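Work through the exercises below with the sequence and the 3D structure in view. Try each task before reading its solution.

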Amino acid sequence: IACFTRSIKLSVPEKPNGYSLKKVEEITSKYTSDTVDSNKKRPNVIVVINEAFSDPQVLGDIETNEDYMPFIHDLMKNGNCVSGTTYASIVGGQTANTEYEFLTGNSMAFLPKGTVAFQLYLRHAMPSLVTELKSEGYTGNSATHLQKARNYNRDKAYPLLGFDEFLSQDDFRNPKRIRNYISDESSFAKIIELYENKKEGEPLFAFNVTMQNHSGYEEEFHNFTPDITVDGIDSKALSMYLSLVKQTDSALQGLIDYFSQAEEDTMIVFFGDHQPTTYVSNPILRNNKVNPETLTDEENLLKYKVPYVIWSNFDIEEQMDGETSANYLAMDVLENCDLPLPALQSSLTGLRKEYPVISAAGVREADGTLTTVKECGEALNDYRRLEYYLLFDYGR
């Protein structure tokens with residue numbers, strides 16, 4: 001009982017210093033949200049948060065029998081896209097926290113460690129990328145997650161963020177499965193189906209969270225045989241994981257090939273929710289003579305790096321090797337679609353220049369210095385106050 005009581009107490013965020021509704025009003029009054037010309041063409045926006053997708057090379061050198069993500073590697077170098085690294089606040093699990101950061105612009109850095117925002121804090125409707133796109137005329141918006149609808153409270157959280165439709169694994173008929181999970185290929189086929197069934201000229205927002213690459217990398221399956229091996233590392237988990245990533249790479253190529261021929265302007269945002277479990281990462285670290293038990297702060301942060309790509313079938317300003325965090329990515333989507341930032345996210349544009357990465361795993365300053373939210377002190381307090389307001393006082 002004492003342990004449970006202590007856990008409940010630790011899961012309640014402290015009110016930020018100097019917090020008040022008047023202070024929040026002062027912060028937000030500095031920013032206004034412009035409106036978009038109603039005659040301007042608005043592209044379809046497709047977001048894929050890919051389960052456990054990462055590029056393990058960030059952890060150390062590995063030599064494989066073949067490239068495990070040839071399409072994505074080429075796309076990030078030569079495609080019509082914005083690409084780079086985004087830092088998650090989680091590793092190995094709790095996908096919903098990356099969804100929360102991306103959709104709201106809030107950061108898990110200000111919430112107690114180990115908590116899940118969808119389950120503990122999201123209790124009322126609040127602004128999000130979904131509501132912003134709806135305000136700009138995006139009439140079709142749906143969320144897809146290929147597991148049970150109640151997982152991480154998504155069946156309740158998604159509507160509060162503005163989604164009109166939620167498709168779970170129960171809405172797929174005879175999908176292709178890899179191991180025990182619905183494949184990325186089938187997941188992306190649903191996106192194409194949503195596009196083809198929408199009303200012509202009405203912009204689509206499709207939010208897709210996959211399951212294919214979920215952990216459980218050491219079992220054997222009758223419907224999938226790993227084909228990627230790593231020189232010098234005898235690890236079933238690593239071989240399985242990289243072979244799954246190869247399947248994702250192929251599926252994403254198919255999705256982009258389809259929309260490269262589509263008549264309507266379309267943007268595809270693709271990134272991983274987090275890196276996989278230590279069963280995958282530790283063999284790479286050890287092979288590079290790094291002890292997983294004694295990582296420096298910089299070495300530990302490597303475990304939170306995942307690649308991101310923002311691709312479109314219309315011209316955008318190409319950027320490579322960017323470094324960001326999930327809470328900022330929606331801003332990139334809006335800006336590259338030439339859509340206005342809402343007032344609350346406009347307040348983050350200046351902060352982003354000083355702190356291009358803010359995650360529960362660490363904060364990166366503009367000069368490259370790695371620090372923490374606590375060490376940043378007052379510099380992040382307005383951001384912290386806004387998040388507290390949105391979670392606990394918005395709409396009251």
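**Exercise 1. Classify Glu-185 by its accessibility and find its charged partner.**

Step 1. Glu-185 has a relative accessible area of 47%, so it is partly exposed. The classes are buried (under 20% relative accessible area), exposed (over 50%) and partly exposed in between, with a 1.4 Å probe and protein chains only.

Step 2. Before going on, note the basis: this is a predicted model, where local features need pLDDT of at least 70, side-chain atom pairs count only at pLDDT 80 or more, and totals for chains, interfaces and linings use all residues. Residues are numbered from 1 along each chain as its sequence is written, and side-chain values use heavy atoms, with hydrogens and water left out.

Step 3. Glu-185 is joined to Lys-176 by a salt bridge of 3.1 Å, N to O. A salt bridge here is a side-chain nitrogen of Lys or Arg within 4 Å of a carboxyl oxygen of Asp or Glu. Lys-176 is partly exposed as well, at 40% relative accessibility.

**Exercise 2. How many salt bridges are there by this rule, and which parts does the pair Arg-352 and Asp-332 tie together?**

Step 1. The count is 14 salt bridges.

Step 2. In one of them, the side chains of Arg-352 and Asp-332 meet at 3.0 Å, N to O. Arg-352 belongs to helix α14 (residues 348–354) and Asp-332 to helix α12 (residues 326–336), so the pair ties together parts that are 20 residues apart in sequence. Helices are DSSP runs of H or I with at least four residues, strands are runs of E with at least two, and both are numbered from the N terminus.

Step 3. Both Arg-352 and Asp-332 are buried.

Step 4. Elsewhere, salt bridges that share partners join Glu-66, Asp-227 and Lys-246 into one network. Within this network, the closest N and O atoms of Asp-227 and Lys-246 are 3.0 Å apart. Asp-227 lies in the loop between β7 (204–209) and α9 (236–260), and Lys-246 lies in α9, so this pair links parts 19 residues apart in sequence.

**Exercise 3. Describe how helices α8 and α9 pack.**

Step 1. Helix α8 (residues 184–197) packs on α9 at an angle of about 15°, and their axes are 8 Å apart. Axes are lines fitted to C-alpha atoms, for helices over the stretch in contact, and angles run from 0 to 180 degrees between N-to-C directions.

Step 2. The two helices, α8 and α9, are therefore roughly parallel, a class for angles under 35 degrees.

Step 3. The residues that make the contact (heavy atoms within 4.5 Å) include Phe-188, Ile-191 and Tyr-195 of α8 and Leu-252, Leu-255 and Phe-259 of α9.

**Exercise 4. Is His-73 buried or exposed, and what does it touch?**

Step 1. His-73 is in helix α3, which spans residues 70–78.

Step 2. With a relative accessible area of 17%, His-73 is buried. Other buried residues of α3 include Phe-71, Ile-72, Leu-75 and Met-76. Among the elements covering the buried residues of α3 are β2 (81–87), α9 and β8 (266–272).

Step 3. Apart from neighbours within four places in sequence, His-73 is in contact with Asp-55, Gln-57, Asp-67 and Tyr-68.

Step 4. The side chains of His-73 and Asp-55 are joined by a polar contact of 2.8 Å. A polar contact is a pair of N or O atoms within 3.5 Å; within protein, one must be able to donate a hydrogen and the other to accept it, and residues adjacent in sequence count only if both atoms are side-chain atoms.

Technical notes. Angles under 35 degrees count as roughly parallel, over 145 as roughly antiparallel, 65 to 115 as roughly perpendicular and the rest as oblique.
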